[in-house]
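Thanks for coming. I have one structure to go through today, and I will keep to local detail. Please have the sequence and the coordinates open.

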Amino acid sequence: MNSKVHQGHRARKRFGQNFLHDQNVIASIVAAINPKKDQTLVEIGPGLGALTEPVAELVEQLNVVELDKDLAERLTSHPFIRHKLTIHQADAMRFDFSQLIEDDKPLRVFGNLPYNISTPLMFHLFSFANKVKDMHFMLQKEVVNRLAAGPNCKAYGRLSVMAQYYCAVTPILEVPPGAFKPAPKVDSAVVRLTPYDELPVVAKDVKSLNKVCTMAFNQRRKTLRNSLKKLFTEPQLESLGIDPNHRPENVTVAQYVALANWLYDNPVADPTADLDEE
């Protein structure tokens, strides 16, 4: 569909904008999302409407969260779907997704996420995981690899642990740079994140889990004996069934949760308060 909304907008680097235009890729993503009329759907960063248009055709109403004021205004005058859109001109990193929840309707989130904020944005979305049915995102292929990576893999890190704590992670398809305008310098991929109805393992305090993972993976080449020495002694690690000689990538999600729960029950001074997110 070549509508007026596709004309005359230059991608803005500060918003990390790369616009999807490959119709085969678009069709594959929409098929993966499989939107239904009895669901509450929200798109993050609709951009020029590449996904917005085909999804809106399949539903009665679609929420979109768009930071770029110009793009948000273009959608308000879209010739075909404007009457179906509820447009939130807002920063998705600070948006309260729980306000979109409707009784008895699953909340589903999708979008082509800006590469420059994709990781912190997903951490924000994880805080709403218990209210979301699923999420479908276009991301850098490297980020999707990190989301899906298991222990004993170089791609496995803090993002892997936190994503897999909340969600089942399923890579859907890979997308070449040529599917976008302007073409990014990296490969992309689409991933499905499906929050668990019941968490496989339960952290008493997610902040403690985040602290342990941050401290471990900020020094990922060191053994746990060294990287976590401000939080745990060797005997304490061993008492939790964790080898102090292991590196952070050798520790499972369940083991990180066990570490976090021990830390929550045995608080120490917080040496990770100023550590940056991965």
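I will go through salt bridges, cysteines, backbone geometry, and then two sets of contacts.

First, the ground rules. This is a predicted model, in which local features need pLDDT of at least 70 and side-chain atom pairs count only at pLDDT 80 or more, while totals for chains, interfaces and linings use all residues. Residues are numbered from 1 along each chain as its sequence is written, and side-chain values use heavy atoms, with hydrogens and water left out.

Helices and strands are DSSP runs numbered from the N terminus, with H or I and at least four residues for a helix, and E and at least two for a strand. Buried means under 20% relative accessible area, exposed means over 50%, and partly exposed is in between, with a 1.4 Å probe and protein chains only.

Salt bridges, then. How many does the structure hold? There are eight, counting a side-chain nitrogen of Lys or Arg within 4 Å of a carboxyl oxygen of Asp or Glu. I will show three of them.

One pairs Asp-134 with Arg-108, at 2.9 Å from N to O. Asp-134 sits in strand β6, residues 132–140, and Arg-108 in strand β5, residues 107–112, so the bridge ties together parts 26 residues apart in sequence. Are these two residues buried or exposed? Asp-134 is buried, because its relative accessible area is 7%. Arg-108 is buried as well, at 4%.

Another joins Glu-174 and Lys-141, whose closest N and O atoms are 3.4 Å apart. This pair links distant parts of the chain, 33 residues apart: Glu-174 belongs to strand β7 (residues 167–175) and Lys-141 to helix α5 (residues 141–148). Glu-174 is exposed at 56% relative accessible area, and Lys-141 is partly exposed at 26%.

The last one I picked is between the side chains of Glu-249 and Arg-220, with an N to O distance of 3.4 Å. Here both partners are in loops: Glu-249 between α9 (234–239) and α10, and Arg-220 between α7 and α8 (224–227), 29 residues apart. Arg-220 counts as partly exposed, at 25% relative accessibility.

Next, cysteines. A disulfide is a covalent bond between the sulfur atoms of two cysteines. The cut-off used is a pair of cysteine sulfur atoms within 2.5 Å, and the structure holds zero disulfides. Cys-153 is in none, and the nearest cysteine sulfur to it, that of Cys-213, is 16 Å away. Cys-213 is also in no disulfide; the nearest cysteine sulfur to it is that of Cys-167, 15 Å away. As for accessibility, Cys-153 is partly exposed at 31%, whereas Cys-213 is buried at 0%.

Now backbone geometry. Which residues does a cis peptide bond join? Lys-181 and Pro-182, with omega at about -15°. Pro-182 is in the loop between β8 (180–181) and β9.

Two residues to check on a phi plot are Asn-34 and Asp-104. Asn-34 is not a glycine, yet its phi is positive, about 55°. Asn-34 lies in the loop between α1 and β2 and is partly exposed, at 42%. Asp-104, also not a glycine, has a positive phi of about 60°. The loop between β4 (85–88) and β5 holds Asp-104, which is exposed at 83% relative accessible area.

On to contacts, meaning heavy atoms within 4.5 Å. The loop between α1 (23–33) and β2 (40–44) also contains Asp-38. Leaving out residues up to four places away in sequence, Asp-38 touches Lys-105 and Pro-106. The C-alpha atoms of Asp-38 and Lys-105 are 6.4 Å apart, with their positions 67 residues apart along the chain.

The other set centres on Asn-261, in helix α10, residues 253–265. Asn-261 is buried, at 14% relative accessible area. With the same sequence exclusion, Asn-261 touches Val-202, Ala-203, Lys-204 and Asp-205. A polar atom of the Asn-261 side chain lies 3.2 Å from the backbone oxygen of Val-202.

Val-202 itself is in the loop between β9 (188–195) and α7 (206–217), and counts as exposed because its relative accessibility is 53%.

That is the end of my list; questions are welcome.

Technical notes. Polar contact = N/O pair within 3.5 Å; in protein donor to acceptor, adjacent residues only side chain to side chain.
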